[in-house]
Each structure stands twice: as structure tokens, then as C-alpha cells.
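Reader: Could you take me through one helix-to-helix contact in this model, residue by residue, and then show me what sits around it? I'd like a close look rather than a tour.

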Amino acid sequence: MQPRKPEFATDYIEETVETFKGCSSSSQSATSELDWAFSVLTEYFRVVKLDHRKIQSSLKLFQSINYLPKSSSKIPYLHKAKPDLEHRSEFEELVYKRASVRWFEKNSSPSIDIVKRVVDISLQAPSACNRQSFEYRFVDNKDLLAKLLKLPGGVTGFADNIPSLMVVIGDYSGYYLERDRHLIYIDASLSSMMLLLAFENFGFNTCVLNWPENDKKNKEINSILNLPTYKRVIMLVAVGKADCSGGVPYSQKKDSSTSLTVNE
Ligand SMILES: Cc1cc2nc3c(=O)[nH]c(=O)nc-3n(C[C@H](O)[C@H](O)[C@H](O)COP(=O)(O)O)c2cc1C
């Protein structure tokens, strides 16, 4: 958050520290993730105001955990402080450089020419039977943007900051069998990942915004966008140029040691 509130996370800090305690004594936890959690919690207690009862009790519990990190600190960093990407292919560089950005420069939405190129790239993604049963709707009109950004829950604190949105819309008319009802989500998601990387390639940053899957919200957004009932919003993507002085959370990823098995 900009500016950061003096006191935050009171709703879930106790649960978070308790979970960290449990995971830190489990042999099934990945070291990289434990190190990340330890770094973030250490930083949290360094910056947060310690007046609240729940923060005080959580700090006490955190201090009682004897955890020794094996790697250097993994806390939020400035967008301009890019990770070290030496000796990587251009594709790897693009992938490792991407991170969700929530703080954007003012008026930094992409031109329609860039948006068209990005969407054309995204449409090269695979889709079931090549049905491509989804579409993109780009919005940078301030009034429409403000209406749309009132709907998702996950934009609290940074909605006003978002210069443009890409709405990803699935189309059920492409899949009429019950067994295929999830395919719009798979197709659109495969394409959306290409969209994120394509924007990154052209110097723009993104953040996927969760679309709450409920009837009321679906009706509201379909009405704003004039969509028929067989079209379903799947996700919103915030798009713009990162404010280089804005913070980016250190999102520790799992790796192949925990997320890959071979011939088992
Ligand atoms: C389906 C989906 C929904 C998401 N919803 C939100 C959201 O509502 N608000 C938000 O700030 N970030 C949202 N994100 C971004 C994730 O928090 C982010 O991708 C994750 O923390 C990993 O960070 P990274 O993208 O920098 O690697 C969403 C991501 C996905 C894939």
C-alpha cells in the first residue's frame, strides 16, 4: 500500500504466525517458502505499529519460533530493482521479470496499436478443438473503468491507480456439452498468460484481478458490458506502466524440487 498503514493485517496475523510455526516444524515444507515466510514476517514486525493486542501476541509467538533461514532476505522490493537475470535466454528473462504490479504511473495505459499486437499474440495460444471461445475487452475510458473497478473485491487500496483494464470473457456458446463446461476457463487462461507476457514484452505491467464467481456480480458486469448470459467474465487484468518507486511483493515460487515428480 502507498502510503503503508501503520497498523495492518490484524485480521489474519495470528493465524499466519501459527501456520508458520506449524510449517516450520514440518519436514514437508519447502525451505525456499519457509525462508520467504520468515523474511516477510520479520519485515512485518519491523515496520508495523505494535500497539494492537493481536499484533503483540503474534510477535511473541513469532519470537518463540527458532527458525534459521538458509537464504538471504525475500521482502518486497522496488519495481526498478530487477532480479539478477544474467545468463538467461530472452524468454526466461521475460518470464522471471514479470511480477504483478499494483502501482502504476498516471495515464500509462497502452496505445490501441500495442493492445492489438498483444491480443494477436495471445490468440496464438492453444484451445480445445481450436474453438477459441473467449474474447478480450480493453477499457481505458475513465467512467467505464471506474464502474468496473467497483465490482471485484481484490482491488482495495489500489483501484484508483489502475490506468486500464483488459476484461477476459469466456463464451459458453462454443461448448454446449456439460463435460466441457470448464473449457472456457482453460482456453482463456492459456491465452491470458500469453497476454501478460506480451504486455511485459512491450514494456507494460499487469496484475490479474480475481473475478468473484457469483450470480449477482455476473449480472452486474454483464449489464455494464452489454454481454449476453452465455458470456462469462473470467478475470480482469490491470494494465499500465509500473510506478518505478512502487513496491512489488516478493512472491516466492515453488520449484521443481517440490512441484515435479518423474516416473512415479
Ligand atoms: C486468478 C488470479 C486472481 C488474482 N486476483 C488478484 C486480486 O484480486 N488482487 C490482486 O492484487 N492480485 C490478484 N492476483 C495476483 C496474485 O496475487 C499474484 O499473481 C501472486 O501473488 C503471485 O505474484 P506474481 O504475479 O508477482 O508472480 C490474482 C492472480 C490470479 C492468477
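Author: On the α1 side, the residues that meet α2 are Ile13, Thr16, Val17, Phe20, Cys23 and Ser24. Facing them from α2 are Leu34, Ala37, Phe38, Leu41, Tyr44 and Phe45. This is a predicted model, so read everything here as computed from predicted coordinates. Sort that contact by class and you get 10 nonpolar residues, 2 polar ones and no charged ones.

As for the geometry, α1 covers residues 13-24 and α2 covers residues 31-47. The two helices pack at about 145°, and their axes are 11 Å apart. The crossing they make is left-handed.

Now bring in a third helix. Serine 58 belongs to α3, which runs over residues 53-64. Leaving aside residues up to four places away in sequence, serine 58 touches Ile13, Glu14, Val17 and Phe45. You've met some of those names already: Ile13 and Val17 are on the α1 side of the α1 and α2 contact, and Phe45 is on the α2 side. Is serine 58 buried or exposed? Its relative accessibility is 2%, and the cut-off for buried is under 20%, so serine 58 counts as buried.

For contrast, stay on α1 and look at glutamate 15, which also sits in that helix. Glutamate 15 has a relative accessible area of 54%, and because the bar for exposed is over 50%, it is classed as exposed. Glutamate 15 isn't among the α1 residues listed as meeting α2. If you want a long-range ruler from here, glutamate 15 and glycine 247 are 232 residues apart in sequence, with 25 Å between their C-alpha atoms.

Another ruler starts at isoleucine 13. From there to leucine 78 is 65 residues along the sequence and 24 Å through space, C-alpha to C-alpha. Leucine 78 is in strand β1, residues 77-78, and is partly exposed, with a relative accessible area of 38%. Once residues up to four places away in sequence are set aside, leucine 78 touches Cys244, Ser245 and Gly246.

Step back for the wider setting. The chain is divided into domain 1, residues 13-75, and domain 2, residues 92-247. Taken over C-alpha atoms, the centres of domain 1 and domain 2 are 33 Å apart. In the whole chain there are 9 helices and 6 strands, and the C-alpha trace spans about 55 × 50 × 40 Å along its principal axes. Of the 264 residues, 39% are buried. Among contacts with a separation of 6 or more, 81% link residues 24 or more positions apart.

One more helix pair is worth setting beside α1 and α2. Helix α5 (residues 112-122) packs against helix α7 (residues 183-201) at about 140°, with the axes 8 Å apart. The two are therefore oblique to each other, and α5 passes α7 in a right-handed crossing. From α5 the contact takes Val118, Val119, Ile121 and Ser122, and from α7 it takes Ser191, Met194, Leu195, Ala198 and Phe199. By class that comes to 7 nonpolar residues and 2 polar ones, again with no charged residues.

Key: Residues are numbered from 1 along each chain as its sequence is written. This is a predicted model: local features need pLDDT of at least 70, side-chain atom pairs count only at pLDDT 80 or more; totals for chains, interfaces and linings use all residues. Side-chain values use heavy atoms; hydrogens and water are left out. Axes are lines fitted to C-alpha atoms, for helices over the stretch in contact, and angles run from 0 to 180 degrees between N-to-C directions. Helices (H or I, at least four residues) and strands (E, at least two) are DSSP runs, numbered from the N terminus. Angles under 35 degrees count as roughly parallel, over 145 as roughly antiparallel, 65 to 115 as roughly perpendicular and the rest as oblique. A crossing is left-handed if the near helix is turned anticlockwise from the far one by less than a right angle, and right-handed if clockwise. Contact means heavy atoms within 4.5 Å. Ala, Val, Leu, Ile, Met, Phe, Trp, Tyr, Cys and Pro count as nonpolar, Asp, Glu, Lys and Arg as charged, and the others, Gly among them, as polar. Domain bounds come from an automatic or database domain assignment. Buried means under 20% relative accessible area, exposed over 50%, partly exposed in between (1.4 Å probe, protein chains only).
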